[in-house]
Amino acid sequence: MSLADSDRELVEEELGREATPAEAALFENLWSEHCAYRSSRPLLSAFDSEGEQVVVGPGDDAAVVALPNPNTDGYSDTYVTLGIESHNHPSYVDPFDGAATGVGGIVRDTMSMGAYPIALADSLYFGAFEREHSKYLFEGVVEGISHYGNCIGVPTVAGSVDFHADYEGNPLVNVACVGLTDEDRMITAVAQEPGNKVMLVGNATGRDGLGGASFASEDLSEDAETEDRPAVQVGDPYAEKLLIETNEVLVEENLVESARDLGAAGLGGASSELVAKGGLGADLRLEDVHQREPNMNALEILLAESQERMCYEVAPENVERVREVCERFDVGCSVIGEVTEGNYVATFQGETVVDVDAEFLGEGAPMNDLDWEEPTEPERDLPTVDLPEAFEAVVASPNTASKRWVYRQYDHEVGVRTSVRPGDDAGVVAVREAGVGVAISSGAAPNWTSAAPYEGAKAVTLENATNLAAKGATPLAAVDCLNGGNPEKPDVYGGFKGIVDGLADMCSDLEVPVVGGNVSLYNDSPSGPIPPTPTLAMVGATPSYDAPSMEASAEGELLLVGDRVLADPDTEARLGGSEYLRQQGGSDRFPSVPEDASAFVQLLAAVAREDHVQATHDVSDGGLAVALAEMVSEDAGIVAQVPEQGGLSEVGEQVGWLFNEATGRVLVQTTDPERVREAFSGVAPVVRVGEGQRDPRLDLSVSWTELSYDVDDIAALRATIENELD
Amino acid sequence: MTVAIVRFGGSNCDRDALRALESVGVDAEIVWHEDGLPEDVTGVMLPGGFSYGDYLRAGAMAARSPIMNDVRDAAADGVPVLGVCNGAQVGCESGLTDGAFTTNESARFQCEHVHLRVENADTPWTAGYEPGDVISLPIAHGEGRYEIDDDRLTQLETNDRVLFRYCDEDGDPSVDANPNGSKHNVAGVLGERDTTAVLMPHPERAALADVGGTDGRPLLEGFVRAVDAE
């Protein structure tokens, strides 16, 4: 790939001369889809990123959000950072290193805001689990994340894993990081003052990862696994850990004026973006960069994506102290130039190799105006099934099955903040600095957004918010990772537009500002485009570190909150996008999300914190059938039945009710059911579906049969992934 | 009285150890390995993490860091030394304790909660428990399988050097309750003196009242007991 002719014309018109090879390569990378969002930016204005809690919104390395002050109605000066990144193409070519470096990148985005990383969440998407190649990628990606995340001491507390045939040629690895900072520590990527020094800190620069940004902006070819390997970087978590500690000292001692981590397009990207944000320029001397290999040329030094490097703006009087700190941690460091009021200029051994306006380089890429087609919705064509068989198939599906095999490989407790561990609806970490628990949920649902991109993305949003609220947390902010296929195909772009609008509209309805994100297009391969995949990582806050478990107690009524099929005889259960249809075949329309979802989420967060609540569990993948099965533990079980309310007399209606995946529903087990009914009165219907029992089993009656599974049966069904990979 | 928590490059449980020790009333500070042990230390904790990235073999590089000469001297003088997780691997690699911790039977990293049976309650580390007590602590390691030759294991067992064994919730050290394939379910051992101990599970992750339980507190209080006993 090289700079497109039309772009070259534009660049040379601006420069009034021919572009040097280094300039052409810089523009090629920084104006790529991956860096410049040329096909997606026109759509991204749909997002609302404002809010009283938002300290730094989209556009910096990570967003910064103030945590609520539990003692007042306002916000505290303790902040969390939020960032999300995709590492899709590298993870296909080299799953272990591709996924590992994805973790490294998002952690450095966190560091460059003056924050210490306190939690990771990974959302992973692979082709059909049955295929050997999917399993190979899955194992490699999980090992890569485990290797890197564990070593740097950042707990992985939440995430999601989905399998869908359309990821076969193009898996997705979306990694989110939450960091902790405060008013005094926070820094940004806005260069401050001409005359300050530009310092490069971290690993020595080598020839690795050349052209990663432009590689990420093309479809993967059939030979990608061998051909594109040089574009994948190799991570060194030990170097990253030293860099984290170095950064921590630099931030604590207030030695950094602005910072940007080196990611796509390497030093050229980071340093030009840093000065462009401050409306400034720079004079850089590329030969002063500490290098790992001899004889590197200007272009290689500018664009290499060697990992574990940070670019800092440092006041001249602090340079020596920065050097000392780096030396203490055995971290490389060089002064490579100065911030100026002029152009972004780079020289190499006396020769000027780049001399451009930084803002034009960063923001000048023309946007693509692409054609799109409205996606069509499937019609109803339902299968006839045997209930026990369907139940077992859905509970054992790799999508709904236990993900313990995955999160057991992640250190999810380092830092001693994790109060709700992975495997529950949301992870919760104690932020003692502000006296609040921060809940984290991350995921998308390819079955939903394949069936209905717009409504599916709305459902993904509500599902993440419900996950937080079920653990007592009120949503605070979200970041998105928008993954799509080749946008030049109108049907693909139509689906992509659908997920963007769906996320934006629902986040707006829920009053959750979307404070940042990432777009990954061209996830297309010879086996076709991926399902449009809107990964959302949402955080919420709760005044308590504790949360009700998803596991049922022996005593207490089990209530289903928010089920509109039971409440309204005219609402039919729609099975579109369900795991049930994926297993059994057939099609249906996708269930729409409820109108008053915001009130539901707010109330649920409050109710979940009340003492009478023994267990809460969001109803999502696999529907009610799976949610009930997941609540059974060694200690207690559930007796449940199709309620008389709702008139679900026919077999098909009852099956639809058990397996539909309509969002905005939650199971609440309580000793005070009247209190729950009162709380949700006028907002969401509340129906008794059963109660706890001492026997660790699920007894589920429908009108014509009874299902009964004990905890070992359920565990055996849900062990699909472990059975295959251990 | 100050306990030194030795930070190597790649240590990542050092801050957790500091907070946990402070919560049980032990004065502690993090010491960078290149700075050496302060003169007046009353205890040493080798924390978890991935010292030197575990690149050669878990703990192998840190064990050869000059500060470990100070730590060995201190241990010989009866200064309490506790190695946890990577610190336990460093402890074995540096000869503070016998045996070695190597790759889990599963060949994967494992983060989960396990049960441990207190084998010897007559040490500063375990005096807060009763013999046979079953406690719950988290593990988080890829190389935690305890290995040692049969003769030396017999010796350790005869001399009451085994501190904890992995067990089920009823205290049975069964094969199923062994998370990593450790020989005889050994999770932690004593060094030459009772004041030196290493274990793979993380007591510092079970010490704060608000998160993670408190089963690790009595163990950390061993720093106080060991000093009092001297």
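User: In this predicted model, why is B:Arg117 classed as it is for accessibility?

Analyst: B:Arg117 has a relative accessibility of 22%. Buried requires under 20% and exposed over 50%, so B:Arg117 counts as partly exposed.

User: What makes the contact of B:Arg117 with B:Glu119 a salt bridge?

Analyst: The N to O distance between the two side chains is 2.6 Å. The cut-off is 4 Å between a nitrogen of Lys or Arg and a carboxyl oxygen of Asp or Glu, and therefore the pair qualifies. The partner, B:Glu119, has a relative accessible area of 23% and is partly exposed.

User: Which residues are joined into one network by salt bridges that share partners?

Analyst: The network consists of A:Lys241, A:Glu245, B:Arg7, B:Asp14 and B:Arg15.

User: Why is A:Asp699 called buried or exposed?

Analyst: Its relative accessibility is 18%. Since the limit for buried is under 20%, A:Asp699 is buried. Its side chain meets that of A:Arg697 in a salt bridge at 3.3 Å, N to O. A:Arg697, at 25%, is partly exposed.

User: How do you know that the salt bridge of A:Arg328 and B:Asp35 crosses between chains?

Analyst: These side chains meet at 2.4 Å, N to O. A:Arg328 lies in helix α13 (residues 319-328) of chain A, whereas B:Asp35 lies in the loop between β2 (28-32) and β3 (41-46) of chain B. A:Arg328 has 36% relative accessibility and B:Asp35 has 48%. Partly exposed covers the range between the 20% and 50% limits, so this class applies to A:Arg328 and to B:Asp35.

User: How many salt bridges does a search of the whole structure find?

Analyst: Over all chains, the search finds 64.

Key:
Residues are numbered from 1 along each chain as its sequence is written. Chains are lettered from A and ligands numbered from 1 in the order in which they are written. This is a predicted model: local features need pLDDT of at least 70, side-chain atom pairs count only at pLDDT 80 or more; totals for chains, interfaces and linings use all residues. Side-chain values use heavy atoms; hydrogens and water are left out. Helices (H or I, at least four residues) and strands (E, at least two) are DSSP runs, numbered from the N terminus. Buried means under 20% relative accessible area, exposed over 50%, partly exposed in between (1.4 Å probe, protein chains only).
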